[in-house]
Amino acid sequence: MPVHAQQVTTLSGNVQDASGKPLPFATVALFVESDTTRLAKTTATDAEGLFAFENVRAGYYIVRATAVGFQKLYSAPVEVGAGPTRLPTLILPELIGELAEVQVTAKKPFVEQQLDRLVVNVANSIVGSGSTALEVLEKSPGVTVDYQNERLQLRGKDGVIVQIDGKQTYLSAQDVIALLRSMSSDNIEAIELITNPSAKYDAAGNTGIINIRLKKNSNLGTNGMASVAGGSGRFDRERGSLQLNHRTKKLNLFGNYSLNRGGNYWDFKLDRSQPDPSPTEASRRNVVSQYTYLKFRDLGHNAKAGFDFMPTDKTTVGMVWTVFWSDHRQRGPAGASFRRTTTGPVYLITETEKTYDTFSQNQIGNLNLQHTFGEKKGSISADIDVGHFSRDYTNALTTTVLVDLEDSKPPVDELLITQPTGIDIRTFKVDFTRPFASGWTLETGLKTASVQTDNDLTLRSGPMGILTIDPDLSNRFQYTERVNAGYVNVSGKWRKTSIQAGLRAEHTRSEGNSLSLNRVVARDYLKFFPTLFVAQPLSDNQTLTFSYSYRIDRPNYQNLNPARGYVDPFAYSVGNAYLKPQFNHALEGKLSLKNDVFASLGVNYTTDLMFFTTHALEGNKTYVTTENLGHSQGYTLTLSWPLTVAKGWQLQANVLGYYNRFQYDYEGSTLQIQNISGRLNGNNSFTFGHGWTAELYGWFSTPAVNGIWRSPWLGALDAGVQKVVSPLLKLKFSVQDVLHTNRFRPSVLTPTASQVGVLTFDTRVALLNLTYSFGNQKLKAARQRRTGSDDETRRAN
């Protein structure tokens with residue numbers, strides 16, 4: 001058939017069980033009829049049991065369907081011609097058996113590169129078990145945790161948005177770090193890194209989105225899983241989690257709880273050289289050596305509970321409540337010595353005893369509705385979210401002057417800062433999807449989000465035991481923001497090319513009000529954010545994808561708050577009420593081979609660039625703030641591939657290379673900085689038989705520059721082993737940061753000043769983790785299994 005041989009079309013069908021119910025997430029494979037060992041394509045059924053193979057050449061094929069708990073089924077040979085072809089319904093006979101009889105022969109890799117995102121499969125990881133969400137996130141390719149300034153970077157850039165189950169947290173970078181530090185990894189299913197989201201997602205996030213998917217079991221019947229972990233580095237760690245699920249045909253009840261307790265330390269040494277900005281001392285310099293050693297105690301709780309009610313096969317009503325509690329305490333000394341030259345005599349020595357206590361709580365409630373109108377008629381979903389975040393922290397500094405040869409007016413004896421913070425979040429959104437007979441699909445939606453914050457900082461100072469409120473440095477700051485958004489997405493195929501084009505409009509109205517300073521900064525602006533995705537198959541195993549997005553990164557309330565936060569008497573951070581949002585253009589081309597080897601080249605351009613800056617003040621003091629200082633452009637090259645090194649040894653490697661160029665004005669100088677850097681992540685999985693598996697995970701990054709901040713070579717190595725005692729019981733032992741090399745080494749070099757630091761944590765930790773599954777374990781219950789993220793993904797922003 002020479003005419004048909006030049007054409008491609010669609011082959012579709014559906015998979016059901018013997019009672020006529022659809023089988024979601026069944027695996028469907030397409031074979032050439034003349035050679036059933038020759039696999040042409042694979043796919044999976046959706047929630048309605050439907051599947052479709054695209055770009056199928058004319059010819060004769062056989063389709064095979066498989067699902068957990070059901071017998072394998074082959075279709076009769078089917079002829080594919082010039083037009084779309086529909087298979088008769090595939091009905092899978094049921095297997096009756098117990099889960100204990102099933103042998104698992106493969107698992108998802110720790111790091112999995114997909115076409116539109118990179119996924120860190122935390123639930124299946126040995127080295128990631130028993131740790132915190134922040135520790136697992138740091139292992140993710142392209143993610144950097146700046147512990148000194150408490151912020152996250154993705155692909156060497158600031159401005160990443162963190163979501164939990166598709167819901168934006170709306171927290172400051174510091175509060176997000178605290179939240180992730182208190183979250184147990186045993187409650188996390190996966191972490192998704194989305195660098196180029198579509199118009200359906202919020203436009204916030206200069207460098208993309210980090211979405212943390214919590215676990216949610218959906219098996220029929222009553223079942224659950226309990227996990228406990230314990231271990232120690234220099235300080236102890238204890239973790240525990242419990243997940244429960246009860247599902248019937250119409251109702252799914254689910255919940256989980258986890259506890260994270262343990263200690264840590266902060267060992268920070270910093271050397272800085274800066275001019276004395278006082279007019280009478282312009283020729284003098286200050287060479288400062290500082291150290292801080294703090295012991296941490298953390299206690300964190302996470303809980304999630306909810307239900308999905310399915311009154312009909314087409315309608316789902318759900319409610320989810322998620323809450324996080326965190327109690328973080330720090331104690332320890334901080335010292336500083338001051339010279340006029342590097343080798344000169346010391347003129348001032350102080351020692352400070354620091355106490356820092358913070359308790360935070362973050363609650364989010366979600367009510368959702370989803371309705372499908374039927375095959376090819378579309379669906380609608382609606383979400384209402386209500387959230388409240390509260391934090392109370394106390395920072396007390398008691399300073400003793402040991403040496404003062406210049407009568408340099410050292411700081412007061414005592415400094416006490418209290419700061420209660422409250423954030424209220426309200427969002428509503430509705431999304432509508434409609435497929436058309438032509439194969440094109442329309443997606444559209446509306447969203448409104450309101451955020452209100454109240455931050456009341458009171459600073460008391462004075463001689464020891466006699467503290468009075470400082471009205472000049474105390475500050476009450478309130479911030480309100482409302483974003484109204486709408487989007488439209490159109491996707492489909494033109495010949496072989498898949499296209500998705502979208503446009504999102506967001507109207508932002510914000511007001512920052514410093515009640516103490518009588519200062520109000522209001523902004524009101526409308527912006528449009530286009531996106532475009534084009535996928536072109538080059539062959540059956542190769543696909544070339546192009547994507548473009550325009551995004552915004554709005555400053556969070558903490559960066560806008562003009563109140564001070566003291567690290568020690570000589571260094572503090574302060575917000576910038578006049579901070580503007582930054583905007584980013586991002587383009588990426590990606591080549592995939594057999595859906596497991598990926599290579600991509602990305603280009604981005606950022607205007608009104610926001611980043612942390614440090615400035616000398618009053619001779620021997622310094623402060624850190626956030627400023628809009630210019631623009632940057634960057635190029636990112638990524639390569640991801642799996643490799644079978646030997647039988648039972650799988651390697652997943654990810655390489656990221658960056659070229660960044662910054663241009664900005666800093667303290668009267670125009671700076672142009674260029675930087676080439678890279679990062680390599682490698683995860684080795686070993687299967688030894690008899691239930692024994694192991695992982696060896698390592699990463700290292702080359703020296704890098706981000707604005708005025710620089711970092712040298714960094715890296716870490718983790719190792720773990722797992723024993724499957726039974727299908728219900730697993731034991732894992734892991735050692736994180738085996739060589740204790742994961743140390744943050746920030747440095748700053750400007751035309752007038754420099755600083756070099758080393759920050760060390762208790763990162764070399766040995767952990768033993770036990771996981772036990774219980775409840776209904778019959779395979780029959782798995783026939784309607786839905787992935788833990790399926791409902792949340794459809795409800796995601």
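This passage looks at the internal cavities and the aromatic rings of a predicted model.

The search for enclosed spaces gave 14 cavities of 30 Å³ or more. The second largest of these is a good one to explore in the viewer, with a volume of about 740 Å³. Its lining is made up of 38 residues, and Ile161, Leu171, Asp553, Arg554 and Asn556 lie nearest the centre. Several elements give two or more residues to this lining, including strand S13 (151-154), strand S14 (161-164), helix H2 (173-182), strand S26 (441-462) and helix H3 (557-560). In chemical character, the lining of the second largest cavity divides into 19 nonpolar, ten polar and nine charged residues.

Attention now turns to the aromatic rings. A pair of such rings is described by the distance of the centres and the angle of the planes. In this model, 19 aromatic pairs were counted. One of them joins Tyr265 and Tyr293, whose rings are 5.8 Å apart centre to centre, with 25° between the planes. That pair is classed as stacked, because planes under 30 degrees apart fall into that group. Tyr265 belongs to strand S20 (residues 251-275) and Tyr293 to strand S21 (residues 285-312), so the pair ties together parts that lie 28 residues apart in sequence.

The two partners can also be described by their accessibility. Tyr265 counts as buried, at 1% relative accessibility, whereas Tyr293 is partly exposed, with a relative accessible area of 22%. Ring pairs also bring in Phe235, which forms a cluster with Tyr265 and Tyr293.

Charged side chains meet rings here too. Arg234 lies over the face of Tyr265, 4.2 Å from the ring centre, and Lys527 lies over the face of Phe583, at 5.1 Å from the ring centre.

Note on methods:
Residues are numbered from 1 along each chain as its sequence is written. This is a predicted model: local features need pLDDT of at least 70, side-chain atom pairs count only at pLDDT 80 or more; totals for chains, interfaces and linings use all residues. Side-chain values use heavy atoms; hydrogens and water are left out. On a 1 Å grid over the protein atoms alone, a cavity is a set of points where a 1.4 Å probe fits but cannot get out, and a pocket is an open set with protein on both sides within 12 Å along at least five of seven lines; lining residues have an atom within 4 Å of a point. Grid points are joined across faces, edges and corners, and a volume is the space filled by probe spheres set on the points. Helices (H or I, at least four residues) and strands (E, at least two) are DSSP runs, numbered from the N terminus. Ala, Val, Leu, Ile, Met, Phe, Trp, Tyr, Cys and Pro count as nonpolar, Asp, Glu, Lys and Arg as charged, and the others, Gly among them, as polar. Rings of Phe, Tyr and Trp (its six-membered ring) pair if their centres lie within 6.5 Å; planes under 30 degrees apart count as stacked, over 60 as edge-to-face and the rest as tilted. Buried means under 20% relative accessible area, exposed over 50%, partly exposed in between (1.4 Å probe, protein chains only). A charge sits over a ring if NZ of Lys or CZ of Arg is within 6 Å of the ring centre and within 35 degrees of the ring normal.
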